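Please work through the exercises below with the sequence and the model side by side, trying each task before reading its solution.

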Amino acid sequence: MRSAYSVETVRAAERALMARLPEGALMQRAAAGLSAACAELLGRVYGSRVVLLVGSGDNGGDALYAGARLARRGAGVTAVLLSPERAHAQGLAALRRAGGVSAVPEAADEAIGRADLVVDGIVGIGGEGGLRPDAERLAAAVARSRAAVVAVDLPSGVEADSGEVRGAAVRADLTVTFGAYKPGLLVDPAREYAGVVRLVDIGLELPAGPELEALQHADVARLLPHPVAESDKYRRGVVGIAAGSARYPGAAVLAVFGALRGGAGAVRYVGPAAQAVIARFPEILVSDRGPAKAGRVQAWVTGPGAGEDAATVAEVLAEEVPVLLDADGLRLAERDAVRGRAAPTLMTPHAGEAAALLGVAREEVEGARLAAARELAAAYRATVLLKGSTTLVADAAGGAARVNATGTPWLATAGSGDVLSGLGGSLLAAGLSALDAGSVAAYLHGLAGRFAAQGAPAGAHDVAEFLPRAWRDVRDERD
């Protein structure tokens, strides 16, 4: 599992470690990891041209010491000093001893234009609010160049704790981060600026409670339900699907498809799309008596394609089992009905739906995704899965949020969310917590989308078809 920590937590761990180490040792550890990553990206260090963008903080010192190491290996290194009088003195001296030179920002354009590699050490993890004008001009010059770009700890101009980008920022091909991941490296829109992220271990001792977690294959494999010899359909989990309408029967079909491919022992369907559902999946248990009288289930999914059927949504929310609430159900559900539930609720909005529920503009949610997911979870006392380029899952109880990056832009297709809803509902019915069900569903859904697309268009039906392959791919980690 990748764990990301807040700036405050990382700095506290750094202070504790520095108190036990000789002066400057921690920066040397960081610089060694940074220079190794730069050398690997360059391929051939000797004769290469490297430009360091150096701010006044420790990131600038890391860049200078790394530049000194590259210069000793034969690279031509130029340090562009944004504040010459505040540059890290020892790092600058080390660079000059190794044969590097310094320059002021006004003379930097030519060096950047000729560079093979640019190292962004302008602003550290405490930076907020985008780049200042002189740094913004350098970032623009870097964007025009053909150089590879390596960010020190975090791309300058993005916010470490929130993942927000409030102005101009450096776009990196590689970010070398020290000691711990920062939330902004894993959450869009900042993640888009980070490129590939490489973690360098510098010996920090971090607490057990991170701000953000990103599940990996092994984590998902441990959470997947696994039938045993005594399993029957009820032990595996029966999920109820109350979805679809005369206008949107396909939403019901896709939600049922996702539930079946999610490992449900059985699926009960309630709604006006019964004919379409049975025609596609004859094994489905259909009822026309409403959710309360449909029969035994361990979880409900409601909302996909529901249109204006607020009564069914309310009836499902009154049930004493976990409920996944999606699409039209998010709009139709009474907030107090969700807040008052004793059983878990998993809400799965996209940015537009989350914005409507919070009463803000969509752009506000997209610019501060982590904050929006947490705010919505607190407002509804529910677990919230905020769909998007990086899917976030936040729990009403607080604690570490989860982020998933297995998704692909090809998943931005009609009905894909309905498949995700059915998949998430099946995992709730199998006994996973809302946080785990949402996280595992997002992970598998993203993998299935990648397998289905393989670089070409794929529809929601294709995504559901590839869920078993995603499941097997993850299960191989455990088996």
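The exercises that follow deal with a sheet, a strand, two helices and a single residue.

This is a predicted model, in which local features need pLDDT of at least 70 and side-chain atom pairs count only at pLDDT 80 or more, while totals for chains, interfaces and linings use all residues. Residues are numbered from 1 along each chain as its sequence is written, and side-chain values use heavy atoms, with hydrogens and water left out.

**Exercise 1. Trace the open sheet and find which strands stand at its edges.**

Step 1. Helices (H or I, at least four residues) and strands (E, at least two) are DSSP runs, numbered from the N terminus, and two strands pair if DSSP finds at least two bridges between them. On this basis 11 strands form an open sheet of mixed pairing, in the order E1-E9-E18-E17-E16-E15-E14-E13-E10-E11-E12.

Step 2. Strand E1 (2-4) and strand E12 (285-287) each have a single partner strand, so one side of each is left without a neighbour in the sheet, and these two stand at the edges.

Step 3. At the E12 end, strand E11 (residues 266-270) runs parallel to E12 and is joined to it by 3 bridges; Tyr269 has Val286 in E12 as its bridge partner.

**Exercise 2. Decide whether the faces of strand E7 are covered or open.**

Step 1. Buried means under 20% relative accessible area, exposed over 50%, and partly exposed in between (1.4 Å probe, protein chains only). In strand E7 (residues 174-178), 5 of the 5 residues are buried, so the strand is largely enclosed by the rest of the structure.

Step 2. In a regular strand the side chains alternate between the two faces of the sheet. Leu174, Val176 and Phe178 lie on one side of E7 and Thr175 and Thr177 on the other, and both faces are covered.

Step 3. Strand E6 (residues 148-152) runs parallel to E7 with 3 bridges, and Val152 stands opposite Val176. Strand E8 (residues 196-200) is also parallel to E7, joined by 5 bridges, with Leu199 in E8 as the bridge partner of Thr177.

**Exercise 3. Describe how helices H18 and H19 cross.**

Step 1. Axes are lines fitted to C-alpha atoms, for helices over the stretch in contact, and angles run from 0 to 180 degrees between N-to-C directions. The axes of helix H18 (residues 416-429) and helix H19 (residues 434-453) come within 9 Å and cross at roughly 135°.

Step 2. That angle makes H18 oblique to H19, given that angles under 35 degrees count as roughly parallel, over 145 as roughly antiparallel, 65 to 115 as roughly perpendicular and the rest as oblique.

Step 3. With contact meaning heavy atoms within 4.5 Å, the residues that meet include Leu420, Leu423 and Leu427 of H18 and Ala437, Val440 and Leu444 of H19.

**Exercise 4. Decide whether Ala251 is buried or exposed, and find which residues it is in contact with.**

Step 1. Ala251 is found in helix H10 (residues 249-261), and at 9% relative accessibility this residue counts as buried.

Step 2. Leaving aside neighbours within four places in sequence, Ala251 is in contact with Pro304, Gly305 and Asp418.

Step 3. For a view across the model, Ala251 and Arg132 are 119 residues apart in sequence and 48 Å apart in space, C-alpha to C-alpha.
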